[in-house]
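Welcome! Open your viewer, keep the selection tool at hand, and let's take a short walk together.

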Amino acid sequence: MRSSLLAAAAAALSVPAVHASADDHMMTEEAKLTFERVFASPSLNGPAPRQAKLSPDGRYLTLLRNREDDRDRYDLWGFDVASGEWRMLVDSEALGSGRELSEDEKMQRERARVGNLKGIISYQWASDGSGVLVPLDGDLYFAKLDGDVQRLTDTEESELNPKLSSKGGYVSFVRDRQLWVGETGSEPVPITPKEGDTIRWGEAEFVAQEEMGRLTGYWWEPNDLRIAVQRTDESGVGIVTRAAIGATGTKVFDQRYPVAGSDNAIVELFVMDPDGGNRVKVDLGEDTDIYIARVNWGPDDFLYVQRQNRDQTVLDMLRVDPTTGESVIWFTENAAREDYWINLSDNYRFLKDGSLLWWSERDGYGHFYRFADGEWTQLTKGDWVATRLVGVNEEDGYVYFSGTFEDVLAQQIYQIELDAGMDSIVRVTDGGWQTSGVMDTKGRSLMVTRSKQDQPPQTYLADLEGGAIQTWVEENALDADHPYTPYLASHRPAEFGTIKAADGETDLYYKMVTPPIEPGKTYPVFYYHYSGPGPQVVTRGWDGALQQAVVDAGYIWFELDNRGSANRGVAFEQPLYRAMGGVEVDDQRKGAEFLKTLPYVDGEKIALYGWSYGGYMTLKQMQADPGLYAAGISGAPVTKWELYDTHYTERFMGDPRKVPEAYEAASAIPDATKISDPLLLIHGMADDNVVFENSSELISVLQEGNVQFDMMLYPGYTHRVAGENISPHLWNTMFRFLEANGVTPPE
């Protein structure tokens, strides 16, 4: 579960205090942040480029850039490295048809967390650098660098998962549950059979998209000779009748949704020629109750498949002969401990010499290893986490990655030598910033995105010799023209610190942003939390204008990463094992108790807010500690884990058929009537992720128990209730609720 309304990266450690003059006070009054302005265009974060890529010849840097007049619409732009000039390559508004997307494409976008975006959301360079494949409004285009754009498809159906083959000889996509392939310039044809509504070819199944980070179901061989294609049989998957309740009508969808403890889809893998011929089935083993986690073609022309067991405690790397489908286990990765799970990752790379760069938590922290000739060599080590593989320069023998080596709140990019490991570690980015990066396939060029508390994200090409800024891609300077500049006078710095967890030993990081504190006054707290496995909420990065708008309204913004959150190692995450809704409640309680010790906090006005897992946590915290919190806001909560999907839920909780007592303890339903403090429940009525039944069952129990609560439902909205008008409505609703229940700033 990846909450679509998670706060972005948290703010930096400190900024100099603003000493406002009388004129500054006047400007602050005139430019006070409202929720309407926070979600309007242009974005107060400044430009937000996406999917930056280098052309195969290195001449162009391309990216998707959003518009000033429409923050959610993206066009394709190109930067000529030689001339230093930018130009728009594809205007999405001029080229697009505006055609409504198919339901399948809408749902794919929701699972990729881009459901709110318009225009161009992805693209792919041709291997010869002649142009890019651009999906737009359900059809495909090929855009050349001279400005010529060729339309490749014009159909009512959407083309899902479009790709150019590895060498650019073919165009492929999924349409109507079949994989279609055509030589570049010719009409594509289906190369897999049509087998009914429950069989899909070339698509990742629901849990792969939603929980495993795998959005595709087919993979081109590097020489365009073969394709590995997934076949998914959903006939055994239970049906959830999802009523997408809209403003003027209701659409009913029978969605194949594998809830915890139920049958998953049967996933098979086939290798075939580009015309569908010479099809062979890959031997994935006798057990069909498995997950295909990742699929890759290796430099040795073999296919490599990561097979994960249903319990998610064992991952086998299969080496597959594509001509016969026969497989052998190359190696096996086991969970770091018996009461833990395997976190899937994209942090691996097959190297030309036949070795593998691999990420594992086997020593208690996420680190990189090299697997060669049946032996493992650990490259990074220590009580910190290597979080992401950025790139590999095989020719010179360097690995680039991001990690928490120096500061868990401000990830940096580091370089190590493949043959030297930690003895050669060098930081290549500036400390103090929250940093991420991408590289070209050869590991020669590094593009860095960084931010901190007083600077929204900046993107630049870095000098690998010392990390210096070589060329700005998006400087995003807070100059006179920046949309956030009118609000700088009231921008408040963040304070970071630690408190002890409920075990009395573990340090938990918090972030707090306060309005200007006046002597003798106390202030209410807007206590934001996610609390579940996966996201790290507290970082030193830019958090955007939303938090500042809350602080402008007179509230203290507070957040705390409890045990179970990411990037602190296995022992820090493990307490959630078969015990969700327990340790998180205990640790967040410590946060509330800490707040009550501060002289400028009104301890009677601490309000909770969370979405998705955070919405679930609001309910559990209010049930466990009546009177501790003044009010709670629960958005799109999971209320019974038996209603959520297999891969996510069983990873942490196990199979409910085997451990029903764990699910009973984790449920937010049995103790719902213990909620005695004001509650606001929010849910999108077309949610395909945390289905609305989670809230409807809670609503029924509260009503039957004569428990008063407030509710706001959003017809037609999914798990992501967001938009230029809906987002202000959502946030204004929350703060009207707080005001109505006395959670208000001092006079």
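Which side chain of opposite charge is nearest to Asp-72? Select Asp-72 to find out, bearing in mind that this is a predicted model. The nearest such side chain is Arg-71, at 4.4 Å. Asp-72 is buried but has no salt bridge, because a salt bridge here requires a side-chain nitrogen of Lys or Arg within 4 Å of a carboxyl oxygen. You will find Asp-72 in the loop that runs between strand E2 (60-66) and strand E3 (73-80). Leaving aside residues up to four places away in sequence, Asp-72 touches Asn-116, Leu-117 and Lys-118.

Next, select Glu-286, in the loop between strand E20 (280-281) and strand E21 (290-297). Glu-286 counts as exposed because its relative accessibility is 81%. Now add Asp-283, Asp-287 and Glu-326 to the selection: with Glu-286, they form a negative surface patch.

For a contrast, move to Glu-333 in strand E24 (residues 327-334). Is Glu-333 buried or exposed? It counts as buried, because its relative accessibility is 8%. Show Leu-315 too: 18 residues separate it from Glu-333 along the chain, yet their C-alpha atoms are 5.0 Å apart. Beyond residues up to four places away in sequence, the contacts of Glu-333 include Leu-315, Ile-342, Trp-358 and Arg-362.

Last stop: helix H10 (residues 646-653), where eight of eight residues are buried. Among them are His-647, Tyr-648 and Phe-652. To see what the buried residues of H10 pack against, display helix H5 (206-211), E21, strand E22 (303-309), helix H9 (613-624) and helix H11 (660-666).

Conventions: Residues are numbered from 1 along each chain as its sequence is written. This is a predicted model: local features need pLDDT of at least 70, side-chain atom pairs count only at pLDDT 80 or more; totals for chains, interfaces and linings use all residues. Side-chain values use heavy atoms; hydrogens and water are left out. Patches are made of residues with over 30% relative accessible area and no salt bridge: like charges are joined within 9 Å, nonpolar side chains (Val, Leu, Ile, Met, Phe, Trp, Tyr) within 5 Å. Accessible areas come from the Shrake-Rupley method with a 1.4 Å probe; for residues, only the protein chains shown count as cover. Lys and Arg count as positive and Asp and Glu as negative; His and the chain ends are not counted. The place of a charge is taken as NZ of Lys, CZ of Arg, CG of Asp or CD of Glu. Helices (H or I, at least four residues) and strands (E, at least two) are DSSP runs, numbered from the N terminus. Buried means under 20% relative accessible area, exposed over 50%, partly exposed in between (1.4 Å probe, protein chains only). Contact means heavy atoms within 4.5 Å.
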